[in-house]
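Reader: I want a close look at one spot in this model. Please start from a single residue and work outward.

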Amino acid sequence: MRTASCACGQLKISCDGEPRLVALCHCLDCQRRTGSTYGIAAFFARVAVRAEGAASTYRRLTDGGHAVTFHFCPECGSSVFWEPERKPDAIAVAVGCFADPDFPAPTRIAWEERQHAWVGREASAEPPISPLVGEMSGRTEGGAKE
């Protein structure tokens with residue numbers, strides 16, 4: 001059993017078994033939904049999931065014209081899972097909501113033409129610390145902890 005939850009823990013979804021598919025999507029809608037450069041979804045059989053907690057919903061059409069209903073926490077705003085109309089027997093869950101570094105990697109990538117050019121590049125071993133990042137992390141310009 002895997003459990004995903006929102007940032008505040010109020011909205012949870014429990015998923016029995018392994019996902020049918022893990023997909024990474026670079027579409028602009030996923031970028032807006034996540035606030036990142038892509039979204040990653042794990043698709044589970046609808047009969048194998050159980051949600052608990054209050055959820056607000058947002059429904060939109062995909063570029064292909066199919067509706068998707070997103071379920072997000074009304075307290076913290078985290079988008080936790082969604083129901084794709086084109087896959088009525090599936091529930092998609094935001095992989096980050098599992099908070100599991102050992103979660104299976106994506107096996108499918110969508111909308112690669114919308115991928116940011118720098119995604120996939122390796123970061124330098126010692127990234128510079130800006131004054132703002134230093135303030136937020138408690139680190140000084142030289143990287144030492146205050």
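In which strand does Ser 56 lie?

Author: Ser 56 lies in strand S6, residues 56-61. Helices (H or I, at least four residues) and strands (E, at least two) are DSSP runs, numbered from the N terminus.

Some ground rules come before the details. This is a predicted model, in which local features need pLDDT of at least 70 and side-chain atom pairs count only at pLDDT 80 or more, while totals for chains, interfaces and linings use all residues. Residues are numbered from 1 along each chain as its sequence is written, and side-chain values use heavy atoms, with hydrogens and water left out.

Back to Ser 56. With 24% relative accessibility, Ser 56 counts as partly exposed. Buried means under 20% relative accessible area, exposed over 50%, and partly exposed in between (1.4 Å probe, protein chains only). Beyond residues up to four places away in sequence, Ser 56 touches Phe 70, His 71, Phe 72 and Pro 74. Contact here means heavy atoms within 4.5 Å. His 71 is 15 residues from Ser 56 along the chain, yet their C-alpha atoms are separated by 5.7 Å.

Now follow those partners to another serine. Ser 79 is in strand S8. Ser 79 is buried, at 16% relative accessibility. Outside its neighbours within four places in sequence, Ser 79 is in contact with Phe 70, His 71 and Phe 72, and also with Arg 33, Ala 94 and Cys 97.

Next, the core. The largest nonpolar core has 28 residues, and Ile 13, Phe 44, Val 93 and Phe 98 touch the most other members. Such a core is a set of buried Ala, Val, Leu, Ile, Met, Phe, Trp, Tyr and Cys residues joined through side-chain atoms within 4.5 Å. Strand S8 (79-84) is among the elements that give two or more residues to this core, alongside strand S2 (12-15), strand S3 (21-25), S4, strand S7 (67-72) and S9. S9 gives the largest share, 5 residues. Ile 13 has contacts that include Val 49, Val 80, Phe 81, Ile 91 and Val 93.

Two of those core residues also pair through their rings. The structure holds 3 aromatic pairs. The rings of Phe 44 and Phe 98 have centres 6.0 Å apart and planes at 50 degrees, so this pair is tilted. Rings of Phe, Tyr and Trp (its six-membered ring) pair if their centres lie within 6.5 Å; planes under 30 degrees apart count as stacked, over 60 as edge-to-face and the rest as tilted. The pair joins distant parts of the chain: Phe 44 is in strand S4 (residues 39-45), while Phe 98 is in the loop between strand S9 (90-94) and strand S10 (108-110), 54 residues apart. Phe 98 also pairs with Phe 103: centres 4.8 Å apart, planes at 25 degrees, so this pair is stacked. Phe 98 is buried at 8% relative accessible area, and Phe 103 is buried at 9%. Ring pairs thus make a cluster of Phe 44, Phe 98 and Phe 103.

Finally, the whole chain. It has 2 helices and 10 strands. Buried residues make up 34% of its 146 residues.
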